[in-house]
Protein chains: 2
Amino acid sequence: MRRCLPKISQLGAFLHEEERLQVDAAITAILALQQRDIHKMWAATFLGPMKTFLSVLESLECLLSFATSLESSKGFPLVRNINELPQSNYGREGLSHITLAGSLLHGMKEIEVWLQTFSPGSRTPIHRHSCEEVFIVLKGNGTLHLASDVHGRYPGHPKVFPIFANSTFIIPVNDVHQVWNTDNNADLQIVVIVSRPPVKVFIYEDWLMPHIAARLKYPYYWDEECFDTPVRDEL
Amino acid sequence: MRRCLPKISQLGAFLHEEERLQVDAAITAILALQQRDIHKMWAATFLGPMKTFLSVLESLECLLSFATSLESSKGFPLVRNINELPQSNYGREGLSHITLAGSLLHGMKEIEVWLQTFSPGSRTPIHRHSCEEVFIVLKGNGTLHLASDVHGRYPGHPKVFPIFANSTFIIPVNDVHQVWNTDNNADLQIVVIVSRPPVKVFIYEDWLMPHIAARLKYPYYWDEECFDTPVRDEL
């Protein structure tokens, strides 16, 4: 399992176009130097956006000072603009997921924080996980479906709770649940916080599926691209 | 240490005025019955908002069904309206603190979530804690002051990072930090998530105070009222 560090291209978003071209050329020049490829270094230095060797040094200084100013030992900016963070539906229709603080992305060991937006009608799978989970609803309306009987063979018919902007709720550890955006027009936007990351999720096809038949989805959707190798089931 | 359960008056916020009066009267009647005070029971039953003994039963049923519908085994509603949650400055000028999910309030064991609003110019103490911490800025502008040199005798001059609406940041475990609302007019509203609750905070008077002189503030401001007895320093 390798750590998913933000790509250099994301860091590039913080630079002006001209700076980025210079930094790219400088990196090319350094790699060429490391490979003792003087011709390539020469080309990167004098034929690209950098016209003099001095520009290489200037660009490197710019990159270095930029990296230092970010003040993060883990390869991502310390204060991050959520609008500029990578988001994706990770193959799930109607979802927009952003990992604000993650185990695989940022080295979190005890908590993970997501910002998720569900388009009208979209929902989470029916699922459970053996961790604490807190929701804060920022925008929109929907329902929480929760089956709290942990002694049955299957979840059974869930209780349904309205959720709404500026509401908060805690999912009891291992309770089977599902969140729906029931609004016809507006998005449902939520902050989700889980403990014990990365999350290990058991998915149910319906509320009558036996607990032992629920399928472990691990790594979960947004963690998949951060795993190089299959992982041992550590549950 | 006792658990801080929400007061019945908070639950009352979910009822209509008439229902609440009936429930209050029903509770009075029950308490009177328990105390074998038949006169008082009679008064609560027939002189108050309830006119017949049937109303007592109806009110109780209403209360019971209401409590059941909340579906929380811990004495608080499952889905809670943040606008109706208790908030206080806990003796700190310019602060409004709401515990959305807490160790002492809600029995959380691994994560705790706060919603905090800092009025213009107000700030946290300079402090550190041995837990993970994630911030999400919902509104306003300010600065994060962070001293990351953990090998010195004291924090030293901190680096200063602008923070702004729709930004997020992670405080490295044990790094000394402070959050300021530097805006002249607008509030700074943040979601704060910590692991290993309840939080054990070491407070510094300034950035040159030696780490070993920092004062442990435990229980922390909003946890104080939930402790009956002094607690052992478990650090």
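User: What does buried mean here, and what share of the 235 residues of chain A counts as buried?

Analyst: Buried means under 20% relative accessible area, while exposed means over 50% and partly exposed lies in between. The structure is a predicted model, and chain A has 235 residues. By that cut-off, the share of chain A that counts as buried is 49%.

User: How many helices and strands are there in chain A?

Analyst: The accessible surface of chain A comes to about 12,000 Å², and 56% of that surface belongs to carbon and sulfur atoms. Among contacts in chain A with a separation of 6 or more, residues 24 or more positions apart account for 68%. The count of elements in chain A is five helices and twelve strands.

User: How are chain A and chain B related?

Analyst: Chain A can be laid on chain B with an RMSD of 0.5 Å. The operation is a turn of 180 degrees with a shift of 0.1 Å along the axis. The two copies are therefore related as by a two-fold rotation axis.

User: Which residue of chain A comes closest to the rotation axis?

Analyst: The distance to the axis is taken at the C-alpha, and the closest approach in chain A is 3.6 Å. The same surface serves both copies, as 100% of the contact residues of chain A recur in chain B. The residue of chain A that comes closest to the axis is A:Ile111.

User: Which strands of chain A are joined by bridges to strand 5 of chain A?

Analyst: Strand 5 of chain A covers residues 133–139 and is mostly covered, with five of its seven residues buried. Five bridges join strand 5 to strand 8 of chain A in the antiparallel sense, and there A:Ile136 has A:Thr168 as its bridge partner. Six bridges join strand 5 to residues 188–195 of chain A, again antiparallel, and A:Phe135 stands opposite A:Val192 there. The strands joined to strand 5 are thus strand 8 and strand 10 of chain A.

User: Are the rings of A:Phe135 and A:Phe169 stacked or tilted?

Analyst: The structure holds twelve aromatic pairs over all chains. In this pair, the ring centres of A:Phe135 and A:Phe169 are 4.7 Å apart and the planes are at 10 degrees. Planes under 30 degrees apart count as stacked, so the pair of A:Phe135 and A:Phe169 is stacked.

User: How many residues apart in sequence are the parts that the pair of A:Phe135 and A:Phe169 ties together?

Analyst: A:Phe135 counts as buried at 3% relative accessibility, and A:Phe169 is buried with a relative accessible area of 0%. A:Phe135 lies in strand 5 of chain A and A:Phe169 in strand 8 of chain A. The pair therefore ties together parts whose separation in sequence is 34 residues.

User: Are the rings of B:Tyr221 and B:Trp222 stacked or tilted?

Analyst: B:Tyr221 counts as buried at 17% relative accessibility, and B:Trp222 counts as buried at 5%. Their ring centres are 6.4 Å apart, with the planes at 40 degrees. Stacked would need planes under 30 degrees apart, and edge-to-face over 60. The pair of B:Tyr221 and B:Trp222 is therefore tilted.

User: Which residues do ring pairs link into a cluster in chain A?

Analyst: Rings of Phe, Tyr and Trp pair if their centres lie within 6.5 Å. Ring pairs link these residues into a cluster: A:Tyr90, A:Trp114, A:Tyr220, A:Tyr221 and A:Trp222.

User: Which strand of chain A is joined to strand 8 of chain B?

Analyst: Strand 8 of chain B, residues 167–171, has five of its five residues buried. B:Ser167, B:Phe169 and B:Ile171 point one way from this strand, and B:Thr168 and B:Ile170 the other way. Within chain B, strand 8 pairs with strand 5 over five bridges in the antiparallel sense. Three bridges, also antiparallel, join strand 8 of chain B to residues 79–81 of chain A, which form strand 1.

User: Is A:Asn166 buried or partly exposed?

Analyst: A UniProt annotation from an unreviewed entry, "glycosylation site", covers A:Asn166. A:Asn166 lies in the loop between strand 7 and strand 8 of chain A, and its contacts beyond four places in sequence are A:Val137, B:Arg80, B:Asn81, B:Ile82 and B:Asn83. Buried needs under 20% relative accessible area. The value for A:Asn166 is 27%, so A:Asn166 counts as partly exposed.

Methods: Residues are numbered from 1 along each chain as its sequence is written. Chains are lettered from A and ligands numbered from 1 in the order in which they are written. This is a predicted model: local features need pLDDT of at least 70, side-chain atom pairs count only at pLDDT 80 or more; totals for chains, interfaces and linings use all residues. Side-chain values use heavy atoms; hydrogens and water are left out. UniProt positions are given in the numbering used here, feature names are shortened, and annotations may be inferred rather than shown by experiment. Helices (H or I, at least four residues) and strands (E, at least two) are DSSP runs, numbered from the N terminus. Buried means under 20% relative accessible area, exposed over 50%, partly exposed in between (1.4 Å probe, protein chains only). Contact means heavy atoms within 4.5 Å. Two strands pair if DSSP finds at least two bridges between them. Copies are superposed by least squares on the C-alpha atoms of residues with pLDDT of at least 70 in both. Accessible areas come from the Shrake-Rupley method with a 1.4 Å probe; for residues, only the protein chains shown count as cover. Rings of Phe, Tyr and Trp (its six-membered ring) pair if their centres lie within 6.5 Å; planes under 30 degrees apart count as stacked, over 60 as edge-to-face and the rest as tilted.
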